[in-house]
Amino acid sequence: LDARHQEIIRAMLRLRQKFVPYIVACVKETGRTGEPMMRSLEYNFPGNGYETITDQFMMGEDLLVAPQVYEGETSRKVVIPPGTWTADDGQVYEGPKTIVVETPLARLPHFVKNGIDLKKEGE
């Protein structure tokens, strides 16, 4: 890989590390309850018409992930579920609503439910 792509991989690894405590907490919750760790929006927000959304997902109850899944695209629509959510770029959104976000290769759009400290959640 060239230097640019190597740095993108390093950035994604740093992002994963940031969420390790939350991911571990989700794994423990899954083991305790049997509920899936990765969930469709419909699972967490039933009755809102989210059953057809297949290109974004919830990690537990508090983290929404909306990856770019189409090669060559540089933006995507994201369905924000009910509640207040802070995006990885610091923007705050009040759902439910649909937004469009930029998706350069170096970005994995994700949204954290406001009021949640993901580091504390994992402790």
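**View 1. Q56 and R76 meet side chain to side chain in this predicted model.** The polar contact between the side chains of Q56 and R76 comes in at 3.3 Å. Q56 has a second partner too: its side chain gets to within 2.8 Å of the backbone oxygen of V79. Look for Q56 in the loop that runs between α2 (41-44) and β2 (57-59). With a relative accessible area of 5%, under the 20% cut-off, Q56 counts as buried, so don't go looking for it on the outside.

**View 2. Here's the company Q56 keeps.** Leaving out residues up to four places away in sequence, Q56 touches L41, then L64, V65, A66 and P67, and also R76, K77, V78 and V79. Take V79 as one of these neighbours: Q56 and V79 sit 23 residues apart along the chain, with 8.3 Å between their C-alpha atoms.

**View 3. T103 pairs up with Q68 through a polar contact.** The two side chains, T103 and Q68, are joined at 2.8 Å. T103 belongs to the loop between β5 (92-102) and β6 (110-113). Its relative accessibility is 4%, and because anything under 20% counts as buried, T103 does too. Setting aside residues up to four places away in sequence, T103 touches Q68, E73, T74, S75, R76 and P109. R76 turns up here as a neighbour of T103, and R76 is also on the list for Q56.

**View 4. F45 and W85 make an edge-to-face aromatic pair.** The structure holds 2 aromatic pairs, and F45 with W85 is one of them. The ring centres are 6.4 Å apart and the planes make an angle of 70 degrees. F45 comes from the loop between α2 and β2, while W85 is in strand β4 (residues 75-87), so the pair ties together parts that lie 40 residues apart in sequence. Both partners, F45 and W85, are buried.

**View 5. Y93 and F111 form another edge-to-face pair.** This time the centre-to-centre distance is 6.1 Å, with 65 degrees between the planes. Y93 is in strand β5 and F111 in strand β6, so this pair links distant parts of the chain, 18 residues apart. And how buried are the two rings' residues? Y93 counts as buried at 13% relative accessibility, and F111 is buried with a relative accessible area of 0%.

Terms used. Residues numbered from 1 in each chain as written. Predicted model: local features only at pLDDT ≥ 70, side-chain atom pairs only at ≥ 80, totals over all residues. Heavy atoms only, no water. Helix = DSSP H or I, 4+ residues; strand = E, 2+ residues; numbered from the N terminus. Buried < 20%, exposed > 50% of the residue type's maximum accessible area, 1.4 Å probe, protein only. Polar contact = N/O pair within 3.5 Å; in protein donor to acceptor, adjacent residues only side chain to side chain. Contact = heavy atoms within 4.5 Å. Phe/Tyr/Trp six-rings, centres within 6.5 Å; stacked < 30°, edge-to-face > 60°.
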